[in-house]
Amino acid sequence: MTVSRIDLADAATPEKLVLEILKNEPGLAIPVPIEAFARQLDIVDILPLETDGYEGGLITPVDKFNGSILFNQASPRRRRRFTIAHELGHFLMPSHVPSAEGRFLCRLQDMLALKANEADRRMKMEVEANRFAANILMPAPLFRKDAAAGKDPDLSHLVKLADKYDVSKEAASRSYVRYREEPVAVVIARHGKVLRVYGDYAKFPGLSAERARPVSPYSLLRRRTHQEGVPSDIDETDAGVWIDVQRGRKPPALYEQVLLQRDGFAMIMLSMNPPDEDEEDPEDDLTSAQRLRRRVDR
Ligand SMILES: [Zn+2]
């Protein structure tokens, strides 16, 4: 490893930071050796966190001469890797300034944040640290290629990618829905209720599933029994189970696949055919003003 922080001085976004790192480390090993990376980039210590209620932390002076990363020892190893990458993101992002006490402290909820209100500076930093972590652990040029392999979106494929990149299945699913060409969404459920939903909404129509609400009894999760740890077959379902179908419109074909996990968790992958496979363009008979309206309404 040869990259140094001087090489990264001009990168102002998480994506640019990762691109600069990749430029300097063309032969980067997968899974990415995130701890060695952090040490190469002036992180002097990576230690268990002793403050309850937090998933990770970074101790660094305002000038960020060097830093120490803290992680929750009780968390699974793959989540700890994500935490270390997230804290390294705070350390490397020039606009991320530590608190007056010279630290960042991050909760589990922060590690899941994907969007923030413009005015919420702290949350914006969390979102950027997450983008850095996802990008450094699953570098876009490599992950995009790997995600594109395989004919249809498939949870078995997702599990293999999580193993290859040594990230949690949930972290892998966030990148998967982004890089797969087809519209794909992943629903994380627990005890039959929707916990989190990931989808690229430029491609996937908005899901009608709401957080904390029970998963529809007509969904594959509840229609059949599932074996823990074994992805189910991919099954076509009534699109109205998951998305709002406008009256009078032909609903798109929607596919479901379920992976039951430990402690009542389940992953549900929803996928649709790529738009160009549709027989007819539903906007064909609309004026351009109507089309625009439709998009704005989504
Ligand atoms: Zn953070």
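**Exercise 1.** In which helix is the place of Arg81? Then decide whether Arg81 is buried or exposed, and find the backbone oxygen that its side chain reaches.

*Solution.* The model is predicted.

Step 1. Arg81 sits in helix 3, which covers residues 77-92.

Step 2. The relative accessible area of Arg81 is 10%. Buried means under 20%, so Arg81 counts as buried.

Step 3. From Arg81, the side chain reaches the backbone oxygen of Tyr165 at 3.3 Å.

Step 4. Set aside the neighbours within four places in sequence; Arg81 is then in contact with Pro31, Val32, Ile34, Leu137, Tyr165 and Asp166. Tyr165 therefore appears both in this list and in the polar contact of step 3, where the cut-off is 3.5 Å.

**Exercise 2.** State the bounds of the two domains and how many Å apart their C-alpha centres lie.

*Solution.* Domain 1 runs over 5-137 and domain 2 over 181-277. Between the C-alpha centres of domain 1 and domain 2 there are 31 Å.

**Exercise 3.** Describe the largest nonpolar core and explain why it lies between the domains.

*Solution.*

Step 1. This core holds 56 residues, and Leu88 and Leu92 have the most contacts inside it.

Step 2. Helix 3 supplies the largest share of the core, 6 residues.

Step 3. Both domain 1 (5-137) and domain 2 (181-277) contribute residues, so the core lies between them.

Step 4. Take Leu92 as a case: not counting residues up to four places away in sequence, Leu92 touches Arg5, Leu8, Leu17, Ile21, Leu41 and Phe132.

Step 5. Another core, of 19 residues, lies apart from this one; Phe204, Leu254, Val258 and Met272 are among its members.

Terms used
Residues are numbered from 1 along each chain as its sequence is written. This is a predicted model: local features need pLDDT of at least 70, side-chain atom pairs count only at pLDDT 80 or more; totals for chains, interfaces and linings use all residues. Side-chain values use heavy atoms; hydrogens and water are left out. Domain bounds come from an automatic or database domain assignment. Helices (H or I, at least four residues) and strands (E, at least two) are DSSP runs, numbered from the N terminus. Buried means under 20% relative accessible area, exposed over 50%, partly exposed in between (1.4 Å probe, protein chains only). A polar contact is a pair of N or O atoms within 3.5 Å; within protein, one must be able to donate a hydrogen and the other to accept it, and residues adjacent in sequence count only if both atoms are side-chain atoms. Contact means heavy atoms within 4.5 Å. A nonpolar core is a set of buried Ala, Val, Leu, Ile, Met, Phe, Trp, Tyr and Cys residues joined through side-chain atoms within 4.5 Å.
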